Amino acid sequence: MKWGFFKKKQTNYPADQYSKDYINEILEALKDENEITKIPISFSFLLTSSEKLKLRTAKVLLESVSKLNNSHLFKLDKIFRERTSFDWTYDWKNESPKNLLLPTMSEDEKLTILGFCTFHPNGYFREKALHDLDSFSSGKELPYLILRCNDWVREVRETAKKYVESRISIKYVEHLVQNLPLIFQLKNAERDDHSELFEKVVNLLSQKESLPFIDQGTKSEISKIRYFCYKVIIYSKMFNKKMLVNYLKAEREPHSRLLLFNEIINDISQDEFNEYYSILKKDKFPMIRAKILERYYSFYPDQSTCELEKALVDKSGAIRSIARFLLKKQNITNFAPYYEEFIKQKSNVNLRGAILGLGEVGNTEQVKLIIPFIKDNRVGIVKAAIRSIMMIDANKYIDNFIEMLNHEHKGVSKEAMRCLLTTSCANKKDFLDRIYNQSNYEHTKYNAAILLCSLPKWESIQYIIEFYVNKTDSNIYNLGRSQFTNWLANFNRTFDTPSRTQVEAIKKILDQFGNDLEKSEKRHIEFCIKGF
């Protein structure tokens, strides 16, 4: 069907074909939920003979786009291409995006509509929208222009590039900072060489006049903007170590923190290291603490023993391992007594690290020091004790793990389940089955179900079927469904022969729950046990 929706006498517009209820539902959903997948269909409501609907749609679209960041716009560009129809009208080449606008619309509403027009599948229409956008100078037009710099049509790319380059000036620095994620994304695009445009932007942002805007960008709520601001600051050399340390202290996102730290530690002098050591050694990011510990050792190899011993009980296993490695260079190799002594002191500070450390280097005789902590009232300590026992001698303490499976705290129960997965607990299936059926904790039931699903091939399927048909507990049902699918898919990977007892048990399960399975699923299981 062809619609000449721009023609004044035409009344058969696409949006006029929708019911009022449908239009209300979409616009209200977009307004309340801001689901970007609803923006293309909402945009089509501009194709209407009703000025009232046009104005309402423009208002909702503006409200929606004001909540989006650059990553959302990048996704929205793709969504528009997938969901926008070529058949809104037959001759897009000769149509004008301006005809979607009304004189009573605000400037921001007009800009939003023209911005969305740059997402249209028709290249002529996109290029015209770019020309119209160029008449705006608020800076809000920049993300749409930048996105089109990587358009698949060369003429559209060149037009967009021209308009972006005309905005590479101090007047637009604040907006360029806000669009740094798109600009860096453009740098890595393969459709065209954007290196010249990228360098122009970075050179502008590297000027002294741009620093206040870059500094403001490091305080953005959007992590990618902060990250790329740090990259520009590092590239421009407009920093000292103190400035980077201050940024590091305020930053929470791991990638940005690592970027800043690597620049701080790069070519750091011993005096600078001493100045910032007390701050950096307490960093919550293990990779940073590890590098600081190694750098400390490189600066003070003969004086580092005390710091390395403190690191032996760090909360991170990587730090504990590095500390032991560096201490071995000083001919200190027996670490178990250190951990034993620390645990005996029962200090609340770093006790968890000491328990885990003993699990990493200890032997079966030292488990007796750890066992009491599985009854501790601190969840972190209990989990550490369970994990340490597992590392030393898991199979000997299966009964303890099964007992902890029914712990009231789901984190402890999960830790016990993980430990049991590493053991040979097939002979404990009756205990696990009893826990599954009798426990009052949902997390315990789920963890017990995971363990029952992990039993050997012919034992596990009996429980998997039971879980699969459980419609009262969605978590158990989903576990059963995925395990049932995996069991069938992996059936021929092992050729274990079921015992007569196992075959009879499976037949009994099928008699009990077979009617709740799909007929094809039941036949498949029957085929698997046929002949045994």
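Which residue does the side chain of Glu-158 meet in a salt bridge? In this model, which is a predicted one, the partner is Arg-154, with N and O separated by 3.3 Å. Glu-158 and Arg-154 both belong to helix H8, residues 154-165, and because they are 4 residues apart in that helix, about one helical turn separates them. An α-helix has 3.6 residues a turn, so residues three or four places apart point the same way. Neither end of the pair is buried: Glu-158 is partly exposed at a relative accessible area of 45%, and Arg-154 is likewise partly exposed at 45%.

Staying with helix H8, let me turn to Arg-157, which forms a salt bridge with Asp-192, the closest N and O atoms being 3.2 Å apart. Here the partner lies outside the helix, in the loop between helix H10 (180-187) and helix H11 (195-205), so this pair ties together parts of the chain that are 35 residues apart in sequence. The two ends also sit in different surroundings, since Arg-157 is buried, with a relative accessible area of 11%, whereas Asp-192 is partly exposed at 35%. Elsewhere, salt bridges with shared partners join Asp-77, Arg-126, Arg-148 and Asp-151 into one network.

Over the whole structure the search finds 27 salt bridges, and I would like to show one more of them, between Arg-56 and Glu-28, where the closest N and O atoms are 3.4 Å apart. This pair links distant parts of the chain, with Arg-56 in helix H3 (residues 51-65) and Glu-28 in helix H1 (residues 20-33), 28 residues apart. Arg-56 is partly exposed at 29% relative accessibility, and Glu-28 is partly exposed as well, at 36%.

Now to the interior. In soluble globular proteins, nonpolar side chains tend to be buried together. The largest nonpolar core in this model has 89 residues, and those with the most contacts inside it are Ile-39, Phe-43, Leu-76, Ile-113, Phe-116, Leu-180 and Leu-205. Helix H13, residues 223-236, gives the most to this core, contributing 7 residues. If we take Leu-205 and leave aside its neighbours within four places in sequence, we find it in contact with Val-173, Leu-176, Val-177, Leu-180, Ser-210, Ile-214, Val-232 and Met-238. Apart from that core lies another, of 77 residues, whose members include Ala-354, Phe-373, Cys-453 and Tyr-468.

Cys-453 brings us to helix H27, residues 442-453, which has 12 residues and reaches 17 Å from its first C-alpha to its last, close to the 16 Å expected at 1.5 Å a residue. Among the buried residues of H27 are His-443, Asn-447, Leu-451, Leu-452 and Cys-453. The buried residues of this helix pack against helix H24 (398-405), helix H25 (410-421), helix H26 (429-438), helix H28 (457-468) and helix H29 (474-489).

Why does Cys-528 not form a bond with Cys-453? The closest cysteine sulfur to that of Cys-528 is the one in Cys-453, and because it is 16 Å away, it is too far for a bond. Both residues are buried, Cys-453 with a relative accessible area of 8% and Cys-528 with one of 3%. The search of the whole structure accordingly ends with 0 disulfides.

Definitions and conventions:
Residues are numbered from 1 along each chain as its sequence is written. This is a predicted model: local features need pLDDT of at least 70, side-chain atom pairs count only at pLDDT 80 or more; totals for chains, interfaces and linings use all residues. Side-chain values use heavy atoms; hydrogens and water are left out. A nonpolar core is a set of buried Ala, Val, Leu, Ile, Met, Phe, Trp, Tyr and Cys residues joined through side-chain atoms within 4.5 Å. Buried means under 20% relative accessible area, exposed over 50%, partly exposed in between (1.4 Å probe, protein chains only). Helices (H or I, at least four residues) and strands (E, at least two) are DSSP runs, numbered from the N terminus. Contact means heavy atoms within 4.5 Å. A salt bridge is a side-chain nitrogen of Lys or Arg within 4 Å of a carboxyl oxygen of Asp or Glu. A disulfide is a pair of cysteine sulfur atoms within 2.5 Å. The expected span of a helix is 1.5 Å times one less than its number of residues.
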